[in-house]
Amino acid sequence: MLKHESIETNSGLLIVLTLVAIGIGGLVEIVPLHYIDSTIEDVKDPQTGVEMVRPYSPLELRGRDIYIREGCYTCHSQMIRPFRDEDLRYGHYSLAAESKYDHPFQWGSKRTGPDLARVGGKYSNAWHTQHLIAPRSVVPESIMPNYPWLLETELDYSDVGARMTALKKVGVPYTLTKDEYAGWTDEKGQKHPGTVERFGEKVANTLDINRAEDNLLAQAKAGNYDGDPSSISEMDALIAYLQVLGTMVDFSKFDEDYFIQFR
Amino acid sequence: MASPVKDPLTGAETTGHVWDETLQEFNNPLPRWWLWTFYATIIFAIVYWSTYPSWPIGGSYLKGFSTLTYKTDAGETKTTHWNMRALLAQDMQTGEQALKQKAYLEKVSAASYEQIAQDPDMSAFVRSYGNGIFGDKCAACHQAGGQGVAGLFPTLVDDDWLWGGSVEQIHQTIVGGRNGYMPAYNTTLTPEQVDEVANYVLSFSGIEHNAEAAAKGQKIFNGYAGGCYQCHTVEGKGLYSQGSANLTDQIWTIADTTAEETPAERLALVKKVITNGVQRQMPVFGQRLNETEIKVLVAYLKQMSGTQQ
């Protein structure tokens with residue numbers, strides 16, 4: 001029988017039991033979210049049934065890596081809370097579904113700069129380029145640091161396939177095999193939809209790890225995000241990422257009530 | 001449990017633990033006030049659990065007794081358990097501040113632009129509400145006072161408009177965005193030809209230039225080689241439909257010649273634009289702002305720019 005005295009006089013045991021007690025508290029809060037059906041909203045196009053929230057394209061993914069590398073999250077959150085003031089300034093509150101392919105998520109809680117959850121499409125590529133090189137040239141009161149090296153540094157995309165494979169291991173639907181792309185039926189007759197069915201062919205092609213480098217090059221070339229078509233810089237990747245933030249869900253296709261029902 | 005151990009000096013009960021030979025711990029009862037506060041927190045927790053969403057049960061959770069009522073977009077009135085999203089919907093629909101704002105927005109929405117300009121109350125609302133929208137959505141490029149950034153983003157506080165300054169044209173610019181494009185002439189024109197066209201462009205607004213070169217440039221400007229007239233017109237006044245600049249008015253949005261001191265520097269600036277072309281983009285705000293907000297913004301821009309168009 002474990003006695004009060006034996007716990008109090010044995011610091012090792014005390015530490016273990018303290019951790020167990022805290023662990024129970026944490027698990028009680030976290031685990032149910034994985035079982036409650038309404039935690040992550042089901043956001044499919046009401047007309048076509050195609051999933052609106054998709055994993056990042058290879059170029060956007062590299063942009064996200066740069067976003068994390070430069071520590072953008074230390075000053076910028078990506079989480080619009082359901083308050084009237086935030087709705088009026090930033091737009092629709094963030095859905096859980098909108099960050100379901102983010103590993104790690106970029107919600108954040110520190111807003112030295114503005115929230116970026118819906119910054120996609122808000123500014124032109126030229127503005128982003130100018131703003132990242134010299135923020136005060138366009139926003140005089142800004143205290144954001146300059147990031148001039150983004151434009152000068154060529155993007156290293158040699159390992160983009162490996163990065164996608166790593167994310168695939170934690171559940172992001174990037175595809176390696178034909179089955180994952182086109183869907184398959186297992187021995188029990190259970191159907192597993194492929195990315196083509198889930199996201200549509202155009203998006204599914206960008207999620208194919210085997211074509212990652214080609215897709216990255218094609219998007220960078222077509223987008224020419226930094227205004228310099230001669231090379232693919234880190235600026236190209238970062239702006240491609242910023243321009244997709246918060247743009248995947250078309251809220252005009254839903255009754256607001258639909259999202260309330262998930263809470 | 002064994003019989004309580006008592007401290008021989010005070011007669012008080014101890015926990016029975018002994019450290020360092022004689023060090024003991026009294027087993028005094030907790031202070032009453034502390035104990036009752038503790039019980040109160042337990043009662044509070046139970047009340048809280050039953051009021052708001054709390055305990056998970058399988059694939060669902062305890063929803064609590066507290067409810068909220070809101071209207072769906074379809075107009076149906078719904079009552080649901082307390083949650084932040086419903087609370088936001090309710091606040092947007094029936095909150096005191098939201099209703100105050102809504103009354104003004106409805107008034108502005110129903111009025112014409114002339115009525116807004118003439119009504120001091122609506123004008124003041126447009127100034128204040130429009131300033132909020134402008135500050136967040138527009139000021140990053142066009143700057144807080146609408147003065148723009150020379151060479152990058154056009155100023156909005158003059159009467160010169162690339163895409164037109166009528167309410168309909170400004171409205172269209174905001175709703176659909178604009179893509180300004182001028183081709184780069186680095187491959188189609190020789191450096192001499194670029195020089196000649198640049199001299200001709202400067203002659204439009206009476207800026208010091210080489211008249212001989214300008215005469216040659218005029219032929220390129222209005223000819224097949226340059227074809228500049230197609231967008232900028234033969235008179236150099238530009239077309240709102242193309243977003244092509246008026247070259248005759250001494251207002252420069254990209255090659256800021258007024259900032260340069262020598263004729264050579266001014267010429268070099270214009271040559272740079274002709275050589276590299278222009279690609280400018282005004283983002284689409286039709287999805288980000290609703291129709292009433294856009295109307296407020298257009299009225300605000302008309303006020304700010306003082307434009308007569």
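Which residue in β3(B) is the bridge partner of Trp19(B)? In this predicted model, the partner of Trp19(B) is Leu23(B), and the pair offers a convenient way into the small part of the fold to which both residues belong. Strand β2 of chain B, which runs over residues 13-19, is joined to β3(B) in the antiparallel sense through three bridges. The two strands are part of an open sheet of three strands in chain B, ordered β1-β2-β3 and paired antiparallel. At its edges lie β1 (5-6) and β3 (23-26) of chain B, each of which pairs on one side only.

Further along the chain, Lys71(B) has its place in strand β6 of chain B, which covers residues 67-71. Is Lys71(B) buried or exposed? Neither word fits fully, because Lys71(B) has 16 C-beta neighbours inside 10 Å and therefore counts as partly exposed, a residue being called buried at 20 or more such neighbours and exposed at 12 or fewer. When residues up to four places away in sequence are left aside, Lys71(B) touches Glu76(B), Thr77(B) and Gln93(B). Gly146(B), by contrast, is separated from Lys71(B) by 75 residues in sequence and by 38 Å in space, taken from C-alpha to C-alpha.

Two helices of chain B can be read in parallel, beginning with α10, residues 263-276. Its 14 residues should span 20 Å at 1.5 Å a residue, and the end C-alpha atoms are indeed 20 Å apart, so the expected and modelled spans agree. The buried residues of α10(B) are Arg266(B), Leu267(B), Val270(B), Val273(B) and Ile274(B). Because these residues cover an arc of only 120 degrees around the axis, they lie on the same side of α10(B). That buried set packs against α7 (191-204) and β9 of chain B, whereas the face of α10(B) turned away from the buried side carries the exposed residues Ala264(B) and Glu265(B). After the helix comes Gly277(B), with a positive phi near 75 degrees.

The second helix, α11 of chain B, comprises 15 residues, 291-305, and reaches 21 Å from its first C-alpha to its last, close to the 21 Å expected at 1.5 Å a residue. Its buried residues are Glu293(B), Lys295(B), Val296(B), Leu297(B), Val298(B), Ala299(B), Tyr300(B), Leu301(B) and Lys302(B). They pack against α3 (96-110), α4 (113-118), α5 and α6 (167-176) of chain B. α11(B) is followed by Gly306(B), whose phi is positive and near 65 degrees.

The last step leads from chain B to its partner. Chain A contains 13 helices and two strands, and its C-alpha atoms fill a box of roughly 75 × 55 × 40 Å along the principal axes. Of the 263 residues in chain A, 30% are buried, and among its contacts with a separation of 6 or more, 69% join residues 24 or more positions apart.

Where the chains meet, 33 residues of chain B are in contact with 31 residues of chain A. On the side of chain B that touches chain A, at least two residues each come from β5 (60-61), β7 (77-81), α2 (84-94), α5 (120-142) and β9 (278-282) of chain B. Which element gives the most to this side of chain B? It is α2(B), with seven residues. Sorted by class, the side of chain B that touches chain A has 16 nonpolar, ten polar and seven charged residues.

Conventions: Residues numbered from 1 in each chain as written. Chains lettered and ligands numbered in written order. Predicted model: local features only at pLDDT ≥ 70, side-chain atom pairs only at ≥ 80, totals over all residues. Contact = placed C-beta atoms within 7 Å. Helix = DSSP H or I, 4+ residues; strand = E, 2+ residues; numbered from the N terminus. Nonpolar A, V, L, I, M, F, W, Y, C, P; charged D, E, K, R; others polar. Pairing = 2+ DSSP bridges. Expected span 1.5 Å × (residues − 1). Arc of directions from axis to C-beta.
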